[in-house]
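The following report describes a structure in terms of its strand pairing, its ligand surroundings and its backbone geometry. The sequence and the coordinates are shown first.

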Amino acid sequence: MPLLPAPPSTVDGASLGDVEAWVAQHLGDLTLEGPDGVRAGGFDGGQSAADAALATLDISGYANTRSTVLPEERRGASRLSPYIRHGLLLLPQVSAAVADAPSFDRKRFRDELLWQEYARHVYARLGRRFRRALRNESPAEGRATWHRPGWDPEMACMDFVTDELHGQGWVVNQTRMWLASQWAVRAGLDWREGEQAMFVHLLDGSRAANGLGWQWTVGAGSTKAYGFSRWQVQKRAPQLCRRCPLRDACPIQEWPDVRLQRVDDRADLARGPIPAGPEEVEGEGGDAVWLTAESLGDADPALAADDDRPAVFVFDEPLLATLRLSGKRLVFLAQTLGELAARRPLEVRRGEVVTELEGRRLAATWTPVPGWQQRAARLQPVEVHPWPWLVRPRPAGIGSYSAWRRDLKV
Ligand SMILES: Cc1cc2nc3c(=O)[nH]c(=O)nc-3n(C[C@H](O)[C@H](O)[C@H](O)COP(=O)(O)OP(=O)(O)OC[C@H]3O[C@@H](n4cnc5c(N)ncnc54)[C@H](O)[C@@H]3O)c2cc1C
């Protein structure tokens, strides 16, 4: 399939509506909503938007307000995740940006950045094995006792959070835990289906962090399931309870009572090597930089190595046809690519990645996800740059965040 025209650039006068129209026309058939339903989410894509978000980052009070759900203006969450997820902001850069913040908040915030790094290490080591439960079946008791939809819109808490997820493409960490727990722990539904239902909407959706979030919340990858009940809603967003049609008959008044059962094929989480990629640039002479959604920022090492070198991005048609992502995720990517194309030569293509790129002398940044590894093995980039880790992987246990930190001495 063909070369696409470059997406319109919103930093050069195009509107978000122009970008939505571009996505609808060129990729709309691959989206969850279809061409007529493509809408932007709650974040602008692009390097300028990412830089602006970082420049105005203020994490004073973060440690105490990160989990606030309502009122929105008291939320302490940084909202940097879509930019971090797509490599528009690098973890080392974000960590450095909070050097002068109050120490309590800085420590907590950097801890969360390390959770993101931990998720990437776990995914780098386990690859597609990460899509299945690592330790335990998610609890099934709810199948016999919960007779409502998993995310029941009659419950004001579920209605509010799913609305935000579907409209904005982003929700705070606290309500991600509510959604995951409600789906798998309370209702006893298959956690992988819930993970997918969230993934398709999240502008920061990554298999690494979403997988970790779900496995750790529902007990599939951890040793305990997180219970969600009315108690959290009353603590974090009491106004939702007050306006809930079910406030006098709350179906989540009590804690869910569940037991975890081991899976037969437990994953090996013991101390062991974690693929890290090259430490130095390997090879040379790439004619074009192959970019992926994992790393779309100006600081992508292969891109940054040569300001004039053209770049190429392929919307992976077979993958998108399977994933059926919400159009807002593609609008975010298109807005990012549009801005990039206004500043340097960029080819945007749609098709099967290897077919579109084979035979070219590519430069690329080594990327810790199985999809990149698989395609790179066939494309054989002639120049490979190191991934910008926050903590370069060394042999470590990955069964818990604390064991991983201990082994890496961070
Ligand atoms: C069920 C579930 C699903 C999740 N899915 C994703 C996902 O697909 N993509 C994603 O980036 N994060 C995911 N998270 C982690 C976390 O919820 C988001 O990173 C965070 O809410 C993003 O908002 P923020 O940028 O304001 O975070 P802040 O609290 O401001 O944190 C700053 C950064 O630290 C990182 N971070 C914070 N908390 C976590 C965490 N628990 N795990 C990993 N990284 C973290 C993110 O990069 C975030 O941008 C998930 C968590 C859960 C419980």
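In this predicted model, strand 5 (residues 288-291) pairs in the parallel sense with strand 8 (residues 362-365) over two bridges, and within that pairing Ala 288 stands opposite Leu 362 of strand 8. Strand 5 also pairs in the parallel sense with strand 6 (residues 311-316), here over three bridges, where Leu 291 stands opposite Phe 313. In a regular strand the side chains alternate between the two faces of the sheet. Both faces of strand 5 are covered, since Ala 288 and Trp 290 on one side, and Val 289 and Leu 291 on the other, are all buried.

These pairings belong to an open sheet of seven strands with mixed pairing, in the order 1-7-6-5-8-9-4. Its edges are strand 1 (3-4) and strand 4 (282-283), each of which pairs on one side only. Strand 4 pairs with strand 9 (residues 383-385) in the antiparallel sense over two bridges, and Gly 283 has Glu 383 of strand 9 as its bridge partner.

The ligand is surrounded by 28 residues, of which Ala 77, Ser 78, Ala 209, Asn 210 and Gly 213 come nearest. By class, this shell holds 13 nonpolar, nine polar and six charged residues. Helix 4 (81-85), helix 6 (103-126), helix 9 (173-186) and helix 11 (207-218) each supply at least two residues of the shell, and the largest share, six residues, comes from helix 11.

An unreviewed UniProt entry lists residues 111-226 as "domain: Cryptochrome/DNA photolyase FAD-binding". Over residues 111-226 the chain is 59% helix and 2% strand, with the end C-alpha atoms 20 Å apart.

Which backbone angles call for a closer look? Most residues other than glycine have a negative phi, and most peptide bonds are trans. The peptide bond from Leu 70 to Pro 71 is cis, with omega near -5 degrees, and Pro 71 lies in the loop between helix 3 (62-65) and helix 4. Two residues other than glycine with positive phi values are set out below.

| Residue | Phi | Location |
|---|---|---|
| Gln 380 | near 50 degrees | loop between helix 18 (370-379) and strand 9 |
| Lys 409 | near 55 degrees | segment after helix 19 (401-408) |

Are these two residues buried or exposed? Gln 380 is exposed, because 11 other C-beta atoms lie within 10 Å, and Lys 409 is exposed as well, with 8 other C-beta atoms within 10 Å.

Notes
Residues are numbered from 1 along each chain as its sequence is written. This is a predicted model: local features need pLDDT of at least 70, side-chain atom pairs count only at pLDDT 80 or more; totals for chains, interfaces and linings use all residues. A residue is near a molecule or strand if its C-beta atom, placed from the backbone, lies within 6 Å of it. Helices (H or I, at least four residues) and strands (E, at least two) are DSSP runs, numbered from the N terminus. Ala, Val, Leu, Ile, Met, Phe, Trp, Tyr, Cys and Pro count as nonpolar, Asp, Glu, Lys and Arg as charged, and the others, Gly among them, as polar. A residue is buried if 20 or more other C-beta atoms lie within 10 Å of its own, exposed if 12 or fewer, and partly exposed in between; C-beta atoms are placed from the backbone. Two strands pair if DSSP finds at least two bridges between them. UniProt positions are given in the numbering used here, feature names are shortened, and annotations may be inferred rather than shown by experiment.
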